[in-house]
Amino acid sequence: MKKKILVTGGTGYIGSHTAVELINEGFDVLIIDNLYNSEKEVLDGIEKITGTRPYLEIFDICDNEKLIDFFSRNKDISAIIHFAAYKAVGESVRKPLNYYRNNLVSLINLLEAMKKYSVPNLVFSSSCTVYGQPEKLPVTEDAPLQPAASPYGNTKQVGEAIIRDTVSSDENIKAIALRYFNPIGAHPSALIGELPRGVPENLVPYITQTAYGLRDELKVYGNDYDTPDGYCIRDYLHVVDLAKAHVVAVKRLTEEKNKSGYEVFNLGTGNGVSVLEAIQAFERATGVKLKYKVVDRRPGDIEKIWANPSYANEELGWKTVSTLDEAMKTAWDWENHIRKK
Ligand code: NAD
Ligand code: WQD
């Protein structure tokens, strides 16, 4: 019997890539998504890649009645991977209540349903944003969390705390929080990828849209930082590598290999890359010249952060394999694919 995994937000960017890797590893994937930031045609891409169309129910996880109804009809779920959330940092500053409601009510509803329907395992999408600007780099999981710089970041800190407290109050529930650094790129088939709404906030979709001619030029936010070349530094990891970490986390939980009820892992490459180096990687990987200009710093930006992924490398046996250039190439192939559709 295949193990059933519920993937919330499974038609979204990271969720769809994870659905592919789960199916490839023999899991039965059920998706809940309200299509707020994705479309159901994503299932076509997943099906083309894997030969299997995951089961999808379209509703808002904040709607507890619908969620309870879902669990009453879908028994024996081995684990939940909870991706569903709003994720735009800037928008969260303008609409904090939307973010707190969506990201936290959905999580509480899910945890209550896990208790009620005896679902034992949860993997949670957290973020390196919980660290703020770390004092020591590369950052390890035990680094102190800084006050969140945005309501979005706060939903990840509070989300982690809600899960930790739930696990310590209930021995039947185990959880892994995965702190992603900067996921980029797309599936190498170019059949699934990121679908940013409106003007992208994130660097790589802005780069690919500019290169495609949809934007005049990339605005690079500052080159006067205290870094070797003056540009901000991040840890960009390929979304397929990130997706594979979820499969490993699910196996660890369902095979009861986790050491404690609640665990936290950094997911990154361990390499700090500046914005300038990211642009150069894009140009190298695609042969396309990018128009950009340096402008003022973006308020709220962290100067530099990259992961120490040793704990995930050793405990999960997971590490990134794709290069930055490969990730950039797949992001570009995906941009071309969606524009030609
Ligand atoms: P995404 O927006 O592409 O996917 C999220 C999916 O959840 C979307 O399909 C959306 O329609 C759905 N959704 C949102 N609220 C919902 C609700 N209440 N009920 C049902 N469905 C709902 O985002 P993503 O980039 O795939 O991110 C997935 C998770 O990873 C999020 O929790 C995000 O905060 C976290 N994360 C993302 C990044 C990143 O840079 N992309 C980095 C760190 C953490
Ligand atoms: C990367 C670098 C920008 C756009 C955000 C969230 C974080 C996490 C990942 C979810 C920075 C620079 C960007 C542009 C630029 N998400 N940049 N011009 O800010 O590291 O993190 O996504 O959890 O929580 O805050 O990612 O892609 O926006 O920026 O120069 O048009 O690119 O200044 O140095 P960030 P990003």
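In this predicted model, the side chains of threonine 269 and aspartate 235 are joined by a polar contact of 2.7 Å. Threonine 269 sits in the loop between β11 (262–267) and β12 (273–274). Its side chain also gets to the backbone nitrogen of asparagine 271, at 2.8 Å. Leaving aside residues up to four places away in sequence, threonine 269 touches Asp235, Tyr236, Leu237, Pro309 and Thr320. Asp235 therefore turns up twice for threonine 269, as a contact is any pair of heavy atoms within 4.5 Å: once in that list of neighbours and once as the side-chain partner at 2.7 Å.

Turning to ligand 2, the shell around it is made up of 19 residues, with Ser127, Tyr152, Lys219, Arg234 and Asp301 the closest. Sorted by class, that shell holds 10 nonpolar, four polar and five charged residues. Both α7 (203–212) and β8 (218–221) chip in with at least two shell residues each, and β8 gives the most, with four.

Several oxygen-to-protein distances help to place ligand 2. For arginine 234, an N or O atom of the side chain lies 2.5 Å from an oxygen atom of the ligand. With leucine 203 the partner is a polar backbone atom instead, 2.8 Å from an oxygen atom of ligand 2. Asparagine 182 uses its side chain, where an N or O atom is 3.0 Å from a ligand 2 oxygen. As for cover, ligand 2 on its own has 680 Å² of accessible area, and the protein covers 88% of it.

How values were computed. Residues numbered from 1 in each chain as written. Chains lettered and ligands numbered in written order. Predicted model: local features only at pLDDT ≥ 70, side-chain atom pairs only at ≥ 80, totals over all residues. Heavy atoms only, no water. Near = heavy atom within 4 Å. Polar contact = N/O pair within 3.5 Å; in protein donor to acceptor, adjacent residues only side chain to side chain. Areas by Shrake-Rupley, 256 points an atom, 1.4 Å probe, with all protein chains shown as cover. Nonpolar A, V, L, I, M, F, W, Y, C, P; charged D, E, K, R; others polar.
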